Amino acid sequence: MSTLPDAILEVKSLRTVIKDKHRELTIVDGIDFTIGTNEVVALVGESGCGKSMTSLSIMQLLPKSGAIDHGEVRLKGRNLVGLKKREMARVRGRQIAMIFQEPMTSLNPVLTIGTQMTEGIRKQLKLTKEEAVTTADQWLKRVGFPEPARIRKEYPHRLSGGMRQRVMLAMAMACKPDLLIADEPTTALDVTIQAQVLDMIRNLIQESEMSVLFITHDLGVVAEMANRVVVMYAGQIVETADVKAIFMEPLHPYTRGLLQSTPKMQGKLEKLVPIPGTVPAVGQYPAGCRFADRCPVAIAACKEALPELRERSPGHHVRCIRDLGGIS
Ligand SMILES: Nc1ncnc2c1ncn2[C@@H]1O[C@H](COP(=O)(O)OP(=O)(O)OP(=O)(O)O)[C@@H](O)[C@H]1O
Ligand SMILES: [Mg+2]
């Protein structure tokens with residue numbers, strides 16, 4: 001896969017394993033992608049495909065039983081795999097920030113929002129306490145808190161889910177990271193609040209020089225936010241292309257299935273049809289194409305060998321042996 005000269009993040013042949021009592025499971029199975037300067041890349045796929053494990057691998061926040069087994073994660077050319085804990089802690093926050101589905105997991109319940117924000121900002125940006133407070137207030141205002149001093153005095157549990165996620169966003173943005181990773185940042189919020197927080201994220205991304213990895217189930221969100229899309233299935237990338245190509249000319253039957261099962265997002269495809277069956281469990285993948293059992297156009301050869309990810313047109317990679325150009 002070609003790399004951009006201005007790549008911020010290059011993930012190369014990344015493989016992540018989890019050890020349980022009996023065996024080692026490959027959760028992320030050799031993935032490659034690049035995020036350029038100012039680029040928003042969406043990572044999509046059904047539950048259990050390995051999206052969060054990919055982002056936790058990049059951040060090196062894997063659970064104790066997990067490890068990167070192979071590959072590289074290069075941030076502005078520097079390989080993060082193998083960095084000492086202390087060096088990696090410096091990268092997190094300062095160079096890569098992350099917002100999660102449930103903001104409470106990354107907020108400390110016993111400290112006020114102000115303490116958490118200013119401590120983080122001071123540490124990352126080497127500012128005085130007063131400067132950190134001013135910076136915190138600027139960002140709290142930008143995420144829609146007109147009276148930031150009041151929010152700074154609050155404890156996390158006193159805020160609603162949407163407010164907490166906006167605080168997390170302000171904390172992430174205040175440190176001016178090169179890369180923001182957002183893992184389903186609105187999934188846990190009420191539908192009306194989701195749209196509000198998404199708008200806010202989109203505006204901040206457009207106004208900043210940041211690159212973004214945006215993880216979501218929701219292809220409607222992808223259409224609004226992303227420049228490029230990486231579709232994952234069973235731990236591997238099955239298709240990657242720019243956002244227009246994904247919606248107008250999806251080539252992998254799985255991508256087509258995702259589009260057909262998303263309301264109002266079928267593109268050229270008309271009917272709303274769920275994908276039959278479920279993602280195979282990790283460690284129980286078939287020898288051939290991992291999607292073959294659910295695929296409407298699978299042939300015998302699909303079950304024989306795992307297809308390679310091939311470049312079908314510039315920037316459009318597909319892991320499928322069927323030539324689906326004309327079929328819909
Ligand atoms: N700590 C763990 N131990 C064992 N298996 C795990 C662990 N964490 C995740 N997995 C497995 O790894 C696979 C990928 O999980 P991951 O959380 O990356 O999926 P995801 O694509 O983010 O799904 P979702 O959309 O539900 O967030 C799943 O099959 C999951 O069961
Ligand atoms: Mg996840």
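**Notes on the pocket, the ligand and the sheet**

1. Let's start with the largest pocket: 27 residues line it, and R92, G93, G120, Q124 and M171 are the ones nearest its centre. Keep in mind as you look around that this is a predicted model. The volume of this pocket comes to about 820 Å³.

2. Where does the lining of the largest pocket come from? The elements that each supply two or more residues are the helices α2 (85-94), α3 (113-125) and α6 (161-174), along with the strand β6 (96-99). Of these, α3 gives the most, with seven residues. If you want one element to colour while looking at this pocket, I'd pick α3, given that top contribution.

3. As for the character of that lining, 14 of its residues are nonpolar, seven are polar and six are charged. Look back at the residues nearest the pocket's centre, R92 and Q124 among them, when you check this on screen.

4. Now for ligand 1. Which residues come nearest to it? There are 14 residues around ligand 1, and the nearest are S47, G48, K51, S52 and M53. Helix α1 (residues 51-59) provides the largest share of this shell, three residues. By type, the shell splits into six nonpolar, five polar and three charged residues.

5. Three contacts to oxygen atoms of ligand 1 deserve a look. K51 places a polar side-chain atom 2.8 Å from an oxygen of the ligand, and S52 also has a polar side-chain atom 2.8 Å from a ligand oxygen. With M53 the contact is through the backbone: a polar backbone atom there sits 2.8 Å from an oxygen atom of ligand 1. How much of ligand 1 does the protein cover? On its own the ligand has 640 Å² of accessible area, and the protein covers 65% of that.

6. Last, the sheet. Four strands make up an open sheet, and reading across you get β2-β1-β4-β5, with antiparallel pairing. The edges are β2 (24-36) and β5 (78-79), each of which pairs on one side only. As general background, strands of a sheet pair through backbone hydrogen bonds, either parallel or antiparallel.

7. One pairing to trace by eye is that of β1 (residues 7-19) with β2: the two run antiparallel and are joined by ten bridges. A handy place to begin is I18, whose bridge partner in β2 is L25.

Notes:
Residues numbered from 1 in each chain as written. Chains lettered and ligands numbered in written order. Predicted model: local features only at pLDDT ≥ 70, side-chain atom pairs only at ≥ 80, totals over all residues. Heavy atoms only, no water. 1 Å grid on protein atoms, 1.4 Å probe; cavity = no way out; pocket = protein on both sides within 12 Å on 5 of 7 lines; lining within 4 Å. Points joined across faces, edges and corners; volume = space filled by probe spheres on them. Nonpolar A, V, L, I, M, F, W, Y, C, P; charged D, E, K, R; others polar. Near = heavy atom within 4 Å. Polar contact = N/O pair within 3.5 Å; in protein donor to acceptor, adjacent residues only side chain to side chain. Areas by Shrake-Rupley, 256 points an atom, 1.4 Å probe, with all protein chains shown as cover. Pairing = 2+ DSSP bridges.
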